[in-house]
Every structure is written in C-alpha cells, then in structure tokens.
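Here are my notes on the model you sent over. Have it open beside you as you go through the points.

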Amino acid sequence: MKITVTKSELQNKLKLVGRFIAPNKVNQQYDSFLFERRGGILQVTAADEGGWIKTIIEHTSDTEEFLFSVNAKTFLDGINQIPEQPLIISLTDKNTYYDLLVEYAGGRFSMCAGIHRIFETKEERKPGDIVTSISSINLLYGLRRTYFRAASDDLRPVMNGVYLELAGASFTFAASDGHTLAVMEYFGGGEQSEIRSGVILAKKLCKVLIDALPSEDEPVEYFTSGTNIVFSHPLFTVSYRMVEGKYPNFRAVIPKNNSNIASVDRNSFISLLKRVLVFSNKNTNLIKLSFQDGKLQGNAVDMDYSMSASEEMPIEYSGNYMSIGFNGVFLLDLISNMQTSDHIKILLSDPTRAAIITEDAPTDAEQLTYIIMPMSI
C-alpha cells in the first residue's frame with residue numbers, strides 16, 4: 001500500500017499532534033503516532049494517559065483502509081530533514097509488523113511500523129449531549145491570559161487547571177495559585193443559551209490548545225464525555241480528562257471597594273520592575289511600591305547582600321498616599337500578559353488587602369482582571 005503526501009502537509013500535521021507526546025518509559029505506546037485511513041480520510045493521532053489529539057492529513061492512497069503506528073520522534077526527525085516535495089510512503093506487510101519506506105527525490109529511509117491499534121480515540125458523543133460553541137480567538141486568549149496562573153498543588157488538585165464557565169451567552173476563564181488570580185470574561189461571546197456549566201481544564205490540555213489554535217477565528221465546539229472534555233476545531237479534535245472537583249468561588253475574593261486608582265503606562269512599569277527586581281531578595285522577590293499624586297516609586301532591598309534599588313515614574317493617581325509590597329515576579333508576570341493594553345489600572349484599598357489590575361479601557365465585550373495579594377513590608 002502507498003500514500004502520497006507533501007512534506008509540508010505531513011510535517012505540519014505531525015507537529016500539531018506531536019505536542020501531546022512526552023517520553024514515557026512505562027507506556028511506550030504513547031511515544032508513537034497512530035495513522036488510520038477510513039472512508040477516504042487519513043487521520044494521525046497522538047495520545048497519553050489523559051487523552052488524545054487527532055487531525056486529518058491531505059493525501060492520496062491506493063488502499064481504502066489501513067492502520068499503522070510509528071515511533072513519533074524518529075519518524076518526525078526523518079521528515080524534518082527532507083526539502084519540500086511530494087513524499088511516497090509505502091507499507092509492506094511482514095505478518096507481525098509493517099516495513100515502512102519513505103521515498104523522496106534522491107533518497108529514502110525505512111523503519112518498522114506497528115500493525116495494531118495502540119490506543120483508543122473514541123469521542124463517545126451520545127444523543128442528548130450538550131454541545132457548546134465558542135470563538136477560537138476567545139478560547140485562545142482566554143486560556144493564554146489565565147493558564148500561567150494555574151497552581152501546581154498536589155493537596156488541592158482543583159487549582160491545577162483553568163476553570164471554564166458558561167453562563168448564558170458569556171464565557172469566563174479563571175485560574176489561581178493562591179497568591180494571584182486571573183479572570184478573563186467574554187460577554188455575549190457564544191450562542192444564546194440559558195445553560196450554566198463549568199469545567200476545570202487540565203494544564204496540559206490548556207497548553208496544547210494554546211499551541212494548536214491558529215490566529216484565524218473559527219468556531220470551536222466542545223462537550224463533555226464521561227470524565228473527558230472534547231474540543232473540535234476544523235484543524236483538529238482533542239479529548240482530555242477533566243480535573244475532578246468543585247472549583248472555589250473565585251468571585252468572592254475579588255475586592256469590591258478599592259477606591260485608590262492608579263493609571264500606569266504598562267511598558268514603562270514593566271521596565272521599572274525588571275530593573276528594580278535585580279536587587280530584590282531572591283527568596284521573597286519583595287518590591288515596595290509607593291503611590292502618590294503623579295508619581296509611583298518602586299523600591300527593592302536585599303539586606304543579605306547589602307543591595308538596594310529605587311526608581312520613580314510618572315502616573316495618574318487618585319487616592320491617598322500608599323506604600324504596599326508585592327512579589328515582584330508575580331506582578332511582572334501579570335502585567336507582561338496584558339499585551340493588548342498600553343495603559344493599565346491598579347486599584348488599591350489598603351496595604352493589607354489584595355490589589356486589582358485591569359486594562360485601562362475595557363470594552364463591553366470582554367474584561368480582564370488580575371488579583372494579587374500583598375506582602376508585608
């Protein structure tokens with residue numbers, strides 16, 4: 001049996017699903033790509049213990065149906081070294097395995113391929129399952145702006161992911177590590193519905209979606225199937241185990257009366273933090289910020305090494321003079337992810353209460369909110 005496919009088509013689709021693969025010495029079947037042709041469609045799949053991802057490869061073939069698996073790293077490394085051109089992949093049946101041959105202009109390589117289905121990839125979509133549609137752009141940026149704050153906490157596994165909530169036609173993404181909270185809300189961004197639901201997406205699934213989703217806007221459908229959630233995009237379908245448990249009421253920790261408001265140039269603030277952080281204590285990363293009319297001062301001290309730094313920048317500030325301490329690394333991470341806004345707002349109550357960081361000019365369609373807990377100074 002033979003398959004003809006362009007190098008770029010094969011390479012791009014293998015890289016797409018290859019993001020799922022990590023070295024696995026216990027279950028070595030997860031180190032492989034699974035190819036399956038049925039009904040004229042050739043799909044390639046990668047999987048791990050939590051789920052799988054698959055995509056369709058444009059090709060021609062002289063055989064209606066076949067299935068084989070091949071070591072992912074070796075096969076992809078071989079394809080990567082070939083210049084752009086049509087490739088001919090031949091499979092010869094050796095009873096217990098296939099002899100796989102890849103031919104290209106001036107050369108060839110061969111390797112063994114498995115003949116059995118090495119993992120299951122059933123979507124298990126049942127009649128009555130509720131299918132939700134979301135913009136791929138909203139899904140991409142909702143995950144990108146929250147995923148990095150998800151925890152790695154063995155004692156509280158529900159915090160080790162991104163909470164995706166559907167309420168009517170609005171979507172909310174939330175993630176927290178206990179020190180910071182990231183909330184991205186899209187108002188009216190989905191189909192009109194009275195359904196309220198929430199799922200916790202595992203960090204690996206979030207990372208795969210962030211890497212796989214293109215910048216072009218396409219509808220993405222998702223539904224739950226047992227303990228898994230399935231996302232279907234025109235380019236791929238991915239299924240992964242959800243994080244079990246009830247996500248905490250994150251809205252309860254968002255302060256309501258932070259009346260001291262600073263408007264800050266985001267890039268200038270990032271530069272200040274990077275310079276001052278160099279001289280902070282490496283165990284605490286403590287930075288003291290002092291807010292007053294027209295001016296923000298940042299200070300860092302490392303008493304162990306007799307180092308300190310201080311820098312000022314102009315701001316617009318409405319409120320009482322205030323000095324408050326933050327973990328500078330956490331603060332820098334939050335502000336660096338607000339890439340769509342030139343100016344940000346910092347809303348403060350007092351030095352012992354959480355601060356709110358938002359975009360200076362939010363729209364009616366979306367709202368990004370970061371919360372950061374203070375440190376003692």
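Which residues line the largest cavity? I'll start there, and keep in mind throughout that this is a predicted model.

1. The cavity. The residues around the largest cavity are Ile-3, Val-5, Leu-10, Phe-35, Leu-42, Ile-57, Phe-68 and Ile-89. Sorted by class, that lining has eight nonpolar residues, with no polar and no charged ones. The space inside comes to about 30 Å³. Searching the whole structure turns up one cavity of 30 Å³ or more.

2. The sheet with β1 and β7. Two of the lining residues, Ile-3 and Val-5, fall within strand β1, which covers residues 2-6. Ile-89, also in the lining, falls within β7, residues 86-93. These two strands run antiparallel and are joined by five bridges. If you want a pair to find on screen, take Lys-2, whose bridge partner in β7 is Ser-90. The wider sheet is open and has five strands, ordered β5-β1-β7-β8-β9, with antiparallel pairing. Its edges are β5 (60-61) and β9 (107-113); each has a single partner strand, so one side of each has no neighbour in the sheet.

3. Asn-95. Follow the chain on from β7 and you reach the loop between β7 and β8 (98-104), where Asn-95 is found. Its phi is near 75 degrees, which is positive although the residue is not a glycine. As general background, most residues other than glycine have a negative phi. Is Asn-95 buried or exposed? Asn-95 counts as exposed, because its relative accessibility is 68% and the cut-off for exposed is over 50%.

4. Cysteines. How many disulfides does the count give? The count is zero, going by a rule that asks for two cysteine sulfur atoms within 2.5 Å. Two cysteines make a nice contrast in exposure: Cys-112 is exposed, with a relative accessible area of 55%, whereas Cys-206 is buried at 0% relative accessibility. Cys-112 also falls within the edge strand β9 (107-113).

5. Strand β10. This strand takes in residues 132-135, with Thr-132 and Ile-134 pointing one way and Ser-133 and Ser-135 the other. What is the exposure of these four residues, whichever way they point? All are buried. The partner here is β15 (residues 219-225), which runs antiparallel to β10 and is joined to it by four bridges. Within that pairing, Thr-132 has Tyr-222 as its bridge partner.

6. The C-terminal stretch. An unreviewed UniProt entry puts the feature "domain: DNA polymerase III beta sliding clamp C-terminal" at residues 252-375. Over those residues the chain is 17% helix and 45% strand. The C-alpha atoms at the two ends of the stretch are 20 Å apart.

7. The β20-β21 hairpin. Inside the annotated range of residues 252-375, β20 (residues 295-302) and β21 (residues 307-314) run antiparallel, joined by eight bridges. One of the bridge pairs is Val-301 with Ser-308 in β21. The two strands form a hairpin, and four residues lie between them. Where does the positive phi of about 55 degrees occur in this hairpin? It belongs to Ser-306, in the turn. Like Asn-95, which has a positive phi, Ser-306 is a residue other than glycine. Ser-306 is exposed too, with a relative accessible area of 71%.

Key
Residues numbered from 1 in each chain as written. Predicted model: local features only at pLDDT ≥ 70, side-chain atom pairs only at ≥ 80, totals over all residues. Heavy atoms only, no water. Buried < 20%, exposed > 50% of the residue type's maximum accessible area, 1.4 Å probe, protein only. 1 Å grid on protein atoms, 1.4 Å probe; cavity = no way out; pocket = protein on both sides within 12 Å on 5 of 7 lines; lining within 4 Å. Points joined across faces, edges and corners; volume = space filled by probe spheres on them. Nonpolar A, V, L, I, M, F, W, Y, C, P; charged D, E, K, R; others polar. Pairing = 2+ DSSP bridges. UniProt positions renumbered as here; feature names shortened; annotations may be inferred.
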